[in-house]
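Student: Got a minute to walk through this one with me? I'd like to go residue by residue.
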Amino acid sequence: MRNRSFLIPFCILVLALLVPSCASKKELLYFNQSLPAPQASFQWSEIYIQPNDILSVKITTDVPELALAYNIAPSQQTNIQGVSAQLQGYLVANDGTINIPVLGVQELKGLTLDQAEKQIQKALIEKGFLKNPVVICRLLNAKFTILGEVKAPGTYTFYENSLTLLQALGYSGDLTINGIRKITIIRTENGKQTYGTVDLTKSDWFTSPYYFVKPNDVIIVDPNTAKVKSAGIINNPGNFISILSVVLSSIILIKNF
């Protein structure tokens, strides 16, 4: 009878090993801290042109026919989207240049889209090619990748100049209940790779350089402790059956002893 008294503590110990730890409410909610005061002036993000970017450059003027020679295949630009649209753009070379018909080579590396528009416009005027030209530049292959504990991991294309981290999470369907709210961002910009972390349970990251998503960012959402533990035991039928067999065998031995 005395030996059987070990049965209850033994079962409790095994159950403690089987049941994964639970994540607290504080670890799951966004913005546990109070939100920061509204800023007097909000600074939107800028996209800087880099090698391997694909740019759309559209040039118009008061007389549209005069600008046709400066555009890529203008008759084929109607209702083109996705990969087909990218094929109609300019691939920025490793030295940061593009070659516009008639106008020639333009070095755009490190410029914002607005600065690139003004530079091309200035070159058209100074060379006497066009009067009052209007230049519109857009990045056609801006994308970010999100991996880990989100509903729809993958690579997403965006066309906004300013895409926030919360909007990027929305693209992927938001974090799952098992995603840790402290996420990692890998960024490649101006030939350099940087790493940053954002704790979504706080609000101080509103002023972080990672508040806005940049082209080619990689966002990683790690699983929380509960997910890791359950993946090793509960979600693995082999492990679960093995442990259950040990428990049952031990109970039978104790009873027969």
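Tutor: Sure. Keep in mind that this is a predicted model. Let's start with N71, which touches V57, K58 and I59, leaving out residues up to four places away in sequence.

Student: Where does N71 sit?

Tutor: In the loop between strand 1 (54-60) and helix 3 (82-87).

Student: Is N71 buried or exposed?

Tutor: Buried. Its relative accessible area is 11%, and the cut-off for buried is under 20%.

Student: What does the side chain of N71 reach?

Tutor: The backbone nitrogen of I59, at 2.8 Å. A polar atom of the N71 side chain also lies 2.7 Å from the backbone oxygen of A67.

Student: I59 again. What does I59 touch?

Tutor: Setting aside residues up to four places away in sequence, its contacts include A67, Y70, N71, I100 and I120. L124, L130, V134 and V135 are also among them.

Student: Which residues have the most contacts inside the largest nonpolar core?

Tutor: V57, I59, I120, F144, L165 and I219. That core has 45 residues.

Student: Which element gives the largest share of this core?

Tutor: Helix 4 (residues 113-126), with five residues.

Student: Switching to rings. How many aromatic pairs are in the whole structure?

Tutor: Nine. Take Y156 and Y171: the ring centres are 5.9 Å apart and the planes are at 70°, so this pair is edge-to-face. Edge-to-face needs planes over 60 degrees apart.

Student: Where do Y156 and Y171 lie in the chain?

Tutor: Y156 is in strand 7 (residues 154-157), and Y171 is in helix 5 (residues 165-171). They are 15 residues apart, so the pair links distant parts of the chain.

Student: Are those two buried or exposed?

Tutor: Y156 is buried, with a relative accessible area of 19%. Y171 counts as partly exposed, at 33%.

Student: And how are the rings of W205 and Y211 arranged?

Tutor: Tilted. Their centres are 5.6 Å apart, with the planes at 40°. Both W205 and Y211 are buried.

Student: Back to Y156 and Y171. Which cluster do ring pairs link them into?

Tutor: One with F144, Y156, F158 and Y171. F144 also came up among the core residues with the most contacts.

Student: New topic, backbone. What is the phi of V102?

Tutor: Positive, about 70°, although V102 is not a glycine. Most residues other than glycine have a negative phi.

Student: Where is V102, and is it buried or exposed?

Tutor: V102 is in the loop between strand 3 (97-100) and strand 4 (104-107). It is exposed, with a relative accessible area of 51%. The cut-off for exposed is over 50%.

Student: What about the phi of D174?

Tutor: Also positive, about 80°, and D174 is not a glycine. D174 is in the loop between helix 5 and strand 9 (182-189). Its relative accessible area is 31%, so D174 is partly exposed.

Student: Last one, K182. Which element holds it?

Tutor: Strand 9. K182 is partly exposed, with a relative accessible area of 48%.

Student: Which residues does K182 contact?

Tutor: T197, V198 and D199, leaving aside neighbours within four places in sequence.

Student: And how far apart are K182 and I220?

Tutor: In sequence, 38 residues. In space, 9.4 Å, C-alpha to C-alpha.

Key. Residues are numbered from 1 along each chain as its sequence is written. Side-chain values use heavy atoms; hydrogens and water are left out. Helices (H or I, at least four residues) and strands (E, at least two) are DSSP runs, numbered from the N terminus. Buried means under 20% relative accessible area, exposed over 50%, partly exposed in between (1.4 Å probe, protein chains only). A polar contact is a pair of N or O atoms within 3.5 Å; within protein, one must be able to donate a hydrogen and the other to accept it, and residues adjacent in sequence count only if both atoms are side-chain atoms. Contact means heavy atoms within 4.5 Å. Rings of Phe, Tyr and Trp (its six-membered ring) pair if their centres lie within 6.5 Å; planes under 30 degrees apart count as stacked, over 60 as edge-to-face and the rest as tilted. A nonpolar core is a set of buried Ala, Val, Leu, Ile, Met, Phe, Trp, Tyr and Cys residues joined through side-chain atoms within 4.5 Å.
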